[in-house]
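Let's take a walk through a protein structure together. Have the model open beside you as you read, and turn it whenever a new residue comes up.

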Amino acid sequence: MTGNSEGIRVASLDDIPEGEGVAISSDITGTDDDIAILRDDDGTCWALNDTCTHETASLAEGWVEDGDVECPLHSSRFNLKTGKVDGLPATRDTVPHRVEVRDGEVYLFPGERP
Amino acid sequence: MTGSSVSPVGSVASVVVVGGGIAGVSTVAELRKNGYAGELTLLSADPLPYDRPPLSKEYLAGSRDLDSLALQPAEWYAEQQVTLVGGAVAAALQPDAGEVELADGRVLSADRIVLATGGRAVRPPIGSPIHVLRDVADADSLRTRLVAGARLLIVGGGLIGAEVASTARGLGAEVTLVDPLDPPLAAAVGIEVASWLHGLHGSHGVETLSTTVETVLETSAGVAVQLRGEPDSRVFDTVLVAVGLAPETSLAEAAGLETSRGVLVDADQVTSHPTVLAVGDCARPRGHHRAEHWEAAQHDGARAAATILGLERAAVTAPWWWSDRYGLHVEGVGEMRIADAEHEVVVRGVVGEPPFSVFTLRGERVIGAVAVDDPNAVRAARRMIDRGVAVCGSDLGDPGVSLRKMLRGLG
């Protein structure tokens, strides 16, 4: 992954309600998987690989709360900051990416750790 | 209550968990997660504990293999210092001595024994040959028979029967489904959703019959099945009976533990013997029904671990489940009721046009919800139930009103 000091502008913060997410296509992120931008209920933004590591489901469509995202299919839970599994049935951690919010815009740094 | 007689935490230096399903694996995982450092042994009939829900879906369809069903990867047990004894068949339990005897003669002793023995698929006395679906061997045996054009009779239109009907149609089998209830599952999802879900079978080429099976007989032409109310028997290639689960209580019964449609446990998962606990499908909380769902078994394991470690147990949450049929994802939480003087049924969206969800309210409180292709409606509902959030039925029924905002009291 080539570094990008500015990051990729992927969304406006206002477009992502607290507790929800949006999926950013791998065409834009340049990563193998799409990346889910997830907004916790405290308003903070995080990014994880979008596809649940258990079965094919989009974490961007999941339930975001208290530092976790819950998969919409079987409720596997992943830590927003670390990508670690916080709840079965998933057993494999997912990949976190760094995001930054500047002037109400969300910038993604694919491949960089938060 | 027997829970109060459990000896102090400090004395627990060894735990044996009997049974490698989700309840047993959750128990060992929660023990380690919460700092238990003593000896920990998991007895599993299978070499590596696996997840059962896919057995009627992706595994049966052939799109997932056994390796992908592992509840934890093989190396996890070593990392967690869990002695996994695969192929273990527990033959007897000596609660006072704290011993579990295996069929091969080995005897394991522990300060606490956790029964996670699960259950068996019910086989009604209707004759043979019949298939059931509970473990990988059952799924393998059924899968070889689900070829294009094979004639499959499914007895029981509950979650498992419906999932297999969907999978079998996907494999090109001819499917007939019988259930005396029309529609099945009304108690779980409410009558309106149950009717629509059951109707999906017909629109996917499954013949549904509202009757019961009287006899099953092997003949040279195939399996002859006599259905109640029909003049002649029908012939199928395969009969699957999916009419429920019988809790596996034989070890507990032989050991003199109290059982009644399950190993009876208190709110701490402790059986009638203070050093023996029970979790998952084999256990029944006194005064309640067995939950029989995946997540409930996981929660049982967490509670048992908390009891053993002397920690405060997590609050009981509304039971949650999911099922998949014909490409649709169905979830439910809590209790569904028919609208009456005390209960209001609120539809969000249109039943039959996914995504939609249906809620049951008692006064201002949600007590249950079912959703098709709208899982976050159920995630919102379970939090409304667990947190006792007061809601307004007309807001709930308006897809324009955010459930998350209602949950935060901003609706």
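The paragraphs below go from a domain to one helix, then to the interface between chains, and finally to some single residues and charged pairs.

First, some ground rules. This is a predicted model, in which local features need pLDDT of at least 70 and side-chain atom pairs count only at pLDDT 80 or more, while totals for chains, interfaces and linings use all residues. Residues are numbered from 1 along each chain as its sequence is written, chains are lettered from A and ligands numbered from 1 in the order in which they are written, and side-chain values use heavy atoms, with hydrogens and water left out.

Let's begin with chain B. In an unreviewed entry, UniProt places the feature "domain: FAD/NAD(P)-binding" at residues 14-301 of chain B. (UniProt positions are given here in the numbering of this model, feature names are shortened, and annotations may be inferred rather than shown by experiment.) The span from 14 to 301 is 25% helix and 28% strand, and its end C-alpha atoms lie 16 Å apart. Helices (H or I, at least four residues) and strands (E, at least two) are DSSP runs, numbered from the N terminus.

Now zoom in on helix H4 of chain B, residues 136-143, whose buried residues are Val136(B), Asp138(B), Ala139(B) and Leu142(B). Looking down the axis of H4(B), you find these buried residues within an arc of 160°, so they line one face of the helix. The arc is that of the directions from the helix axis to the C-beta atoms. Why can residues that are not neighbours in sequence share a face? An α-helix has 3.6 residues a turn, so residues three or four places apart point the same way. As for the word "buried", it means under 20% relative accessible area, with exposed over 50% and partly exposed in between (1.4 Å probe, protein chains only).

What do the buried residues of H4(B) pack against? Their partners in chain B are helix H2 (58-61), strand S10 (151-155), helix H5 (159-170) and strand S16 (238-241). Contact here means heavy atoms within 4.5 Å. At the N-terminal end of H4(B), Asp135(B) acts as a cap, with a side-chain oxygen 3.3 Å from the backbone nitrogen of Ala137(B).

Next, turn the model to see where the chains meet. The contact takes 25 residues from chain B and 20 residues from chain A. Together the two chains bury about 1,800 Å², 46% of it on carbon and sulfur atoms. Buried area is the accessible area (1.4 Å probe) that two parts lose on being put together, summed over both. On the chain B side, Arg379(B), Arg383(B) and Arg404(B) lose the most area to chain A, together 29% of what that side buries.

Charges appear at this interface too: six salt bridges are found across it. A salt bridge is a side-chain nitrogen of Lys or Arg within 4 Å of a carboxyl oxygen of Asp or Glu. One example joins Arg64(B) to Glu55(A), whose closest N and O atoms are 2.5 Å apart. Which helix gives the most to the side of chain B that touches chain A? The answer is H10(B), with seven residues.

One residue of helix H10 (residues 375-387) in chain B is Arg382(B). Its relative accessible area is 9%, so Arg382(B) is buried. Leaving out residues up to four places away in sequence, Arg382(B) touches Glu70(A), Glu295(B), His299(B), Thr317(B), Ala318(B), Trp320(B) and Val333(B). For a contrast, find Ala254(B) in helix H8 (residues 250-254) of chain B. With a relative accessible area of 74%, Ala254(B) is exposed.

Finally, count the salt bridges over all chains: there are 29. In chain A, Asp68(A) pairs with Arg77(A), the closest N and O atoms being 3.0 Å apart. Here Asp68(A) is buried at 11% relative accessible area, whereas Arg77(A) is partly exposed at 31%. In chain B, Arg106(B) and Asp104(B) meet in a salt bridge at 2.8 Å, N to O. Arg106(B) is partly exposed, at 41% relative accessibility, and Asp104(B) is exposed, at 52%. Elsewhere, salt bridges that share partners join Glu65(A), Glu70(A), Glu331(B), Arg379(B), Arg383(B) and Arg387(B) into one network.

How values were computed. A polar contact is a pair of N or O atoms within 3.5 Å; within protein, one must be able to donate a hydrogen and the other to accept it, and residues adjacent in sequence count only if both atoms are side-chain atoms.
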